[in-house]
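Subject: Structure handover

Hello,

Here is the structure I promised you. Please open it alongside this note, and my findings follow below.

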Amino acid sequence: MIISTGTASGKSLAYLTPAVTSCLDGGTVLYLTPTKALAADQLRALRELRITQLRAACFDGDTPFEERTWVRQHANYVLTNPDMLHRGILPRHAQWSSFLRRLRMVVVDECHGYRGVFGSHVAQILRRLRRISSRYGSQPVFVLASATASEPGAFAKRLTGLEMEEVTVDSSPRGSTTFALWEPPLTELRGERGAPVRRTATAEAADLLADLVLADVRTLAFVRSRRGAETVSLSARAKLSDVAFSLSTRYAPRHPRPHTAPATDGRPHPSGTTPHQPADTPLQAEGNPRPAQGEARRPAPETRHPESEPPTSRTGRPESRSNRPENQTGQPEPAATRPEGGGPGIGDERSRTAGTPRGPQRLDNPLLPDGSQAPPETWAEAGEPHTAAVSSVVTSSASSPPSTNGWADLPNKVAAYRAGYLAEDRRLLEKALRSGSLLGLATTNALELGVDVSGLDAVLIAGWPGTRASLWQQAGRAGREGQDALAVLIARDDPLDTYLVHHPEALFGRPVEAIVLDPDNPYVLGPHLCAAAAEIPLTEADLDTFGATTTDVLDDLVSQGLLRRRPAGWFWTRRERATDLADIRGGGGAPIQVVESATGRLLGSVDEPSAHTTVHTGAVYLHQGETFLVETLDLEAGVALVSDAEPDYTTFARDVTEISVLESLRSQPLGRGQLHFGEVEVTRQVVSYLKRRLHSGEMLGDEPLDLPPRTLRTRAVWWTLPAPELTALADEGFDLGGAAHAAEHASIGLLPLFATCDRWDIGGVSTELHADTGLLTVFVYDGHEGGAGFAERGYARASDWLTATREAIASCECERGCPSCIQSPKCGNGNEPLDKQGAIRLLDTLLGS
Ligand SMILES: [Zn+2]
Ligand SMILES: [Zn+2]
């Protein structure tokens, strides 16, 4: 069974009840999650049930060896992850025999994370688990829990190989959420080929965050990177500091200051605006209409109280000024309301980060609320916002002495949060948000793994988070105790974001994206057949379990000498561990190790194909929201050396690609053209990388790279148009090559709406005349060896996908194309040639409209 409903709808309760019952009846339960941190959270929740017969334990890479035997022999509820199941549990099934014999239920939590190549590996691991369990005489029930997705039953069947019931009706009580779709305006800045640049999503998020804090709205802003989150927090604080400054000059009742005072003290004001000007802050709070031009605006709380009193929290009680923050009932918080322990997944970071950012950080060119750029040194005057450490924020707002007015505290009501905070810092932060001494928090989605934040009024999401599932998960943070809430999606400079803010029906209508995986991919299946044979030799009876392509793949494995065929079945005869053949989180090939050069610390690994685009020399590399700069990529040594850095730009690798058709597996007419799905060979070479300024999106240059070409055998979807259909367009002067190229870029940007991938998982090639088809052809291919199911999904939804692509291009108000519609940051041809109007006409011709 799969339960696919929204955040906080009670999914855990739905699987916990039967799972715990199974344990009480003498059975065992295996619980799988994609991350160790989530398993640790679940374990805590289980222990809080205080049921003595329930012996729950985590079994993952962090479990001490001396505990492992206990877990295998005595635990009846084991929490683990697919990696551990693959490497640690299945290969040693004999040691788990008593657990496996009694296995009644397998819970697969957060299963929407199992998509693409990773999902395909997990699908095969689950098939191995089913096979092994049945050898021990058990047939466990699989219960899957997922965020909302389209066709969850079909996905669950692909993941487990079993027929699935789906539960999709969500009847949990909740208030209504007002959802705003926000498109930042075009600026005067010019990007590649003179294209207009939009104001960045982070700059807009900072403005909105400040506005909401002024209106006393508890707000969480989700930003992609830690650097971005800190930028949002700093900009919002600077803006609040401006507001506080202009308010104090106007309204300080006991120590009125002449208007001219701040202007004559000889220093520039932090924002670069003159202090008399009210900050450009639209305060739309109830009972606080926008004041007339020239009149200073005041924060909402202030309007409810005499000016001589400090501002109050939303409960109407004067804000806490004691050394201990209080909660809303006025009682001191208990020292610890929940057991400590951030879980093993977070512990790795502790020693290094220890709760505070490393050293002061400064924005070199912050884009200020009014769009002007201030010299860096003026930031020192905006309070102490450089290090927005949680603890300093909490103590400064809770223990500073009452000022003549509370305005000076305004900037301290905003903070940034990132992964790696200590448990006590997280508790402080939760407390500060609950009490209202902190009103605004900017964060990466690291928050998902650490802080228990509930009771927010608003959520800002800077940039499409990639999937509807993530969008609803993030938006679901707002709305306390069934109250109404606000969620704002702020568009980035990207075709998909543009499309979404112009087409709310794509978000709020029926679910449009499905979780895509392709367990039959021979590059995935092969290693798992080896692993299965090493566990218990494979027999004819097992072939059904592993899918239709099993026989062919087994023949291949035998001819490669990996398996040996005997009358009794297929055997693994090698010395090495079969499980080493499958790199379940990567895309095959030896992974590149990402190492911090100063400390030798291993940050993680990147599979070899992605290394060219993500950790090339000079790349800005994001790891858990932290920013690093790649010093060198050494492909032969398999190492990328990185250093901690705060560059004010992002990088995009650009590649040139050639594609040849190996075989068309399926085809069908599409409008006046033809649509195909099949096997292709792609030769791709990363040739340079583009630098774009972080805050403004401005182009900073294109740096050449010297990397070898890579050949990829994968699957693609492609469409062609016969020449006679194109004569009219050519006669009207459209550039057919530029039109096809523009359509290709935009369609790559839009495919993630129909298949849960991101645009970096897929690539494209377009040409006015392709050698293999003899026609104008546009290809979109899976960027993973053997394919990952994305192109296949594009084939299945081609008409909707290409219609949406056409709409995305047409609804962008730029004249000749921009990053929001047809320009691609990873284009190896420097976005040349592109023909925006031509692309619209070409897609109209194709779709027959
Ligand atoms: Zn545009
Ligand atoms: Zn291109």
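This is a predicted model. I begin with one loop residue. L707 sits in the loop that joins β25 (699–704) and β26 (710–721). Is L707 buried or exposed? Its relative accessibility is 10%, so L707 counts as buried. Beyond its neighbours within four places in sequence, L707 is in contact with H612, H616, L633, L635, Q685 and V686. T617 is also worth a look. L707 and T617 are 90 residues apart in sequence, yet their C-alpha atoms are 9.9 Å apart in space.

Next, the zinc site. Which protein atoms are donors to the zinc ion (ligand 2)? They are H741 (NE2), H745 (NE2) and C827 (SG), at 2.0 to 2.3 Å from the ion. Along the chain, these donors follow the spacing H-x3-H-x81-C. The pair H741 and C827 links distant parts of the chain, 86 residues apart. H741 belongs to helix α22 (residues 736–750), while C827 lies in the loop between α24 (798–811) and α25 (836–847). Both H741 and C827 are buried.

Helix α22 also meets α25. Their axes come within 8 Å and cross at roughly 80°. An angle of 65 to 115 degrees counts as roughly perpendicular, so α22 is roughly perpendicular to α25. On the α22 side, the meeting residues are A739, A740, A742 and A743. On the α25 side, they are G838, A839, L842 and L843.

Now the cysteines. How many disulfides does the structure hold? The count is zero. Two cysteines can be noted here for their burial. C814 has a relative accessible area of 7%, so C814 is buried. C818 has a relative accessible area of 0%, so C818 is buried too. The cut-off for buried is under 20%.

On to a sheet. Six strands form an open sheet with parallel pairing, in the order β8-β15-β14-β11-β13-β12. Which strands stand at the edges? They are β8 (177–182) and β12 (414–417). Each has a single partner strand, so one side of each is left without a neighbour in the sheet. On average, neighbouring strands of this sheet are turned by 15° against each other, direction ignored.

The partner of edge strand β8 is worth following. β8 pairs with β15 (residues 485–490) in the parallel sense, over six bridges. Within this pairing, T178 stands opposite L486 in β15. Helix α15 (residues 468–475) lies across β8, β11 (219–222), β14 (458–462) and β15. Relative to β14, α15 runs at about 145°.

One more helix residue: A205, found in α8 (residues 201–214). The relative accessible area of A205 is 0%, so A205 is buried. Leaving out neighbours within four places in sequence, A205 is in contact with V232, L460, A462 and I490. A205 and A462 are 257 residues apart in sequence, but 6.3 Å apart in space, C-alpha to C-alpha.

For a first look, I suggest the zinc ion (ligand 2) with its donors H741, H745 and C827. Then turn to the sheet and helix α15 lying across β8, β11, β14 and β15.

Best wishes

Terms used: Residues numbered from 1 in each chain as written. Chains lettered and ligands numbered in written order. Predicted model: local features only at pLDDT ≥ 70, side-chain atom pairs only at ≥ 80, totals over all residues. Heavy atoms only, no water. Disulfide = S-S within 2.5 Å. Buried < 20%, exposed > 50% of the residue type's maximum accessible area, 1.4 Å probe, protein only. Pairing = 2+ DSSP bridges. Helix = DSSP H or I, 4+ residues; strand = E, 2+ residues; numbered from the N terminus. Axes fitted to C-alpha atoms, helices over the stretch in contact; angles between N-to-C directions. Contact = heavy atoms within 4.5 Å. Donors = N, O, S within 2.8 Å, 3.2 Å for Na, K, Ca; no water. Parallel < 35°, antiparallel > 145°, perpendicular 65-115°, else oblique.
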